Amino acid sequence: MKVYIDGEFYEKDDAKISVFDHGLLYGDGIFEGIRLYGGKIFKLEEHIKRLYQSARALNLMIRETPEEMGRLVQKTVDLNEREDGYIRLVVTRGKGSLGIDPGSCPVPSVIIIVDGISLYPEDFYRKGIAVVTAGTRRLSPDIFDPRVKSLNYLTNIMAKMEAHAAGCLEAVLLNRDGYVTECTADNIFIIREGKLLTPAPHLGILEGITRSSILELAEKQGVPFAETTLTRFDLYTADECFLTGTGAEIIPVVKIDNRPIGTGTPGDLTGSLRKAFTELVYS
């Protein structure tokens with residue numbers, strides 16, 4: 001494995017950052033998780049665009065242009081000679097003092113890792129998974145906007161721990177008003193009477209790249225959809241439910257808070273969208 005760090009490539013065991021890096025000390029940084037399918041980087045331009053939007057929101061001045069960053073990602077992929085896998089692109093505030101002042105960090109650090117990815121077992125895609133509603137709430141956008149894909153994932157981690165304690169793989173996060181936002185690492189969709197519904201961005205979600213792809217595929221298939229407000233009632237009474245994410249891709253949900261969704265098996269529209277997504281990534 002060759003890992004890119006600030007202009008150099010290192011072997012995996014030699015890839016290190018300073019203990020004074022503010023990404024480590026304070027979570028001051030951003031990242032993107034990107035998939036590699038058949039030697040092609042999926043939606044690289046969209047991921048780079050979101051990375052730079054996150055950077056602007058944090059006033060994090062990346063030295064490389066978006067075009068240069070894209071070329072660095074491609075070069076790292078080429079050096080690692082992978083056909084399928086996962087790319088982690090990280091930008092930290094860089095090395096600074098022990099205080100939180102970002103002004104003490106003169107140069108941001110860029111890290112690019114290309115590796116394999118552990119997907120859910122195939123059986124889960126055929127049979128679906130169970131999820132729970134977490135007691136941990138999503139931070140409100142007026143506190144910290146979750147559209148910034150920052151290095152601080154403590155809320156998601158706490159909710160993931162709740163999921164594991166309940167014997168589930170994922171947990172649904174509600175906002176402070178009780179509306180559904182997303183899961184710990186995935187966006188969530190439901191289907192009711194043939195219509196595709198997903199939480200609107202203003203409720204406090206990360207606008208996932210896979211999520212956007214599903215909305216585009218639904219439009220092409222003539223499936224009506226809406227970004228809207230959803231409560232647990234809407235989840236419990238849905239005909240179908242599924243999650244989307246870079247790692248998960250599209251995975252059916254058949255039970256929420258021990259309540260079966262629809263027939264308790266993956267639905268037809270979920271299957272159709274998953275098939276279309278697979279065709280998209282390898283096209």
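This passage walks through the overall build of a predicted model and then turns to one of its strands.

The chain holds eight helices and 15 strands. Its C-alpha trace extends over about 55 × 40 × 30 Å along the principal axes. For 283 residues, a radius of gyration near 19 Å would be expected of a compact globule, and the value found for the chain, 19 Å, agrees with this. Among contacts between residues at least 6 apart in sequence, 69% link residues at least 24 apart.

How much of the chain is buried? Of its 283 residues, 49% fall into that class. The accessible surface amounts to about 13600 Å², and carbon and sulfur atoms supply 53% of that area. As for charge, the chain carries 33 positive and 40 negative charges, and the mean positions of the two sets lie 2 Å apart.

A helpful place to look more closely is strand S5, which covers residues 85-92. Seven of its eight residues are buried, so the strand is largely enclosed by the rest of the structure. Buried here stands for a relative accessible area under 20%.

Which strands pair with S5? One partner is strand S3 (residues 29-37), joined to S5 by eight bridges in an antiparallel arrangement. Within this pairing, Arg35 has Tyr86 of S5 as its bridge partner. Another partner is strand S6 (residues 109-115), which also runs antiparallel to S5 and is connected to it through seven bridges. Here Arg88 sits opposite Ile113 of S6. In general, side chains along a regular strand alternate between the two faces of the sheet.

Note on methods: Residues numbered from 1 in each chain as written. Predicted model: local features only at pLDDT ≥ 70, side-chain atom pairs only at ≥ 80, totals over all residues. Heavy atoms only, no water. Helix = DSSP H or I, 4+ residues; strand = E, 2+ residues; numbered from the N terminus. Rg over C-alpha atoms; globule rule 2.2 N^0.38 Å. Buried < 20%, exposed > 50% of the residue type's maximum accessible area, 1.4 Å probe, protein only. Contact = heavy atoms within 4.5 Å. Areas by Shrake-Rupley, 256 points an atom, 1.4 Å probe, with all protein chains shown as cover. Lys, Arg positive; Asp, Glu negative; His and termini not counted. Charge placed at Lys NZ, Arg CZ, Asp CG, Glu CD. Pairing = 2+ DSSP bridges.
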